[in-house]
Amino acid sequence: MKRDIPICSHVPVNDDCCLKINENIAIENVYMAHKNSSAKNLRFIFTNVPDGKYRIISYHINQEHGSLLDEWGKMEFTPNLGSREIYYLQHAVHPNRIHTTTTASGGQLIFNIHLMPLEVIFAEIQWVPEEGGKAAPF
C-alpha cells in the first residue's frame with residue numbers, strides 16, 4: 001500500500017506584472033513575472049502510522065529537471081516545432097527522482113523535502129514490510 005502527496009511551490013506574481021496585467025508577457029520572460037523566492041525545507045509529520053520502515057520516492061520538476069518550458073527555451077522557443085523537436089522534448093524532459101528510506105516510531109513518520117521556487121514534487125510513501133512480514137498496513 002502506498003500514499004501519494006503532491007507538493008507545489010507557490011511563487012506570487014510580482015507587482016510590476018500586476019500593474020501591466022493587460023500586456024502580454026513574452027514566453028522567454030515568464031520567470032521574470034514572479035517575485036524572487038527562496039528554497040524551502042518542508043518537514044512532514046504523519047501520526048498514527050504503524051511503526052516500521054518506509055520508502056519515500058519523490059519526483060522533482062523544476063528549472064533544472066523535467067521542465068518542458070526550460071528545455072523549449074534551450075531551443076529558443078521555436079514556435080513551429082517539427083516532429084524531430086517534439087520527439088526530442090518527449091524524451092529529454094524527465095523529473096529528478098530521489099529515493100530515501102526512513103523509519104516510523106512511536107506512531108510518527110517524519111521526513112523532510114527540499115522545495116525550490118516554482119517546483120512541483122510528487123512524493124510516494126510506501127511501507128516496506130519486513131522479510132516474511134504481513135501486507136502493508138498504511
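## Buried or exposed?

A residue is called buried when its relative accessible area is under 20%, and exposed when that value is over 50%. Keep those two cut-offs in mind as you look around this structure, which is a predicted model.

Take Glu71 to start with: its relative accessibility is 12%. That is under 20%, so Glu71 counts as buried.

## A salt bridge in helix α2

What does the side chain of Glu71 meet in a salt bridge? The partner is Lys74, and the gap from N to O is 3.3 Å. If you go hunting for others, a search of the whole structure finds 1 salt bridge.

Why are Glu71 and Lys74 separated by about one helical turn? Both sit in helix α2, and they are 3 residues apart there, so about one turn of the helix lies between them. The two ends of the bridge have their own surroundings: Glu71 is buried, while Lys74 has a relative accessible area of 63% and is therefore exposed.

## Two odd residues in the next loop

Helix α2 covers residues 68-74, and α3 covers 83-92. In the loop between these helices you'll find Glu76, and Phe77 is in that loop too.

Have a look at their backbone angles. Glu76 isn't a glycine, yet its phi is positive, at about 60 degrees. Phe77 isn't a glycine either, and its phi is also positive, at about 50 degrees.

Which of the labels, buried or exposed, goes with Glu76? Its relative accessibility is 71%, so Glu76 counts as exposed. For Phe77 the value is 17%, so Phe77 counts as buried.

## The sheet

Now for the strands. Strands of a sheet pair through backbone hydrogen bonds, and they can do that in a parallel or an antiparallel way. Here, 4 strands make an open sheet with antiparallel pairing, and the order across it is β1-β6-β3-β4. At the edges are β1 (2-8) and β4 (96-104), each of which pairs on one side only. On average, neighbouring strands of this sheet are turned by 20 degrees against each other, if you ignore direction.

How many bridges join β3 to β6? There are 9 of them, linking residues 52-61 of β3 with residues 120-128 of β6, and these two strands run antiparallel. To see one such contact for yourself, find Ile56: its bridge partner in β6 is Ile125.

Methods
Residues numbered from 1 in each chain as written. Predicted model: local features only at pLDDT ≥ 70, side-chain atom pairs only at ≥ 80, totals over all residues. Heavy atoms only, no water. Buried < 20%, exposed > 50% of the residue type's maximum accessible area, 1.4 Å probe, protein only. Salt bridge = Lys/Arg side-chain N within 4 Å of Asp/Glu carboxyl O. Pairing = 2+ DSSP bridges. Axes fitted to C-alpha atoms, helices over the stretch in contact; angles between N-to-C directions.
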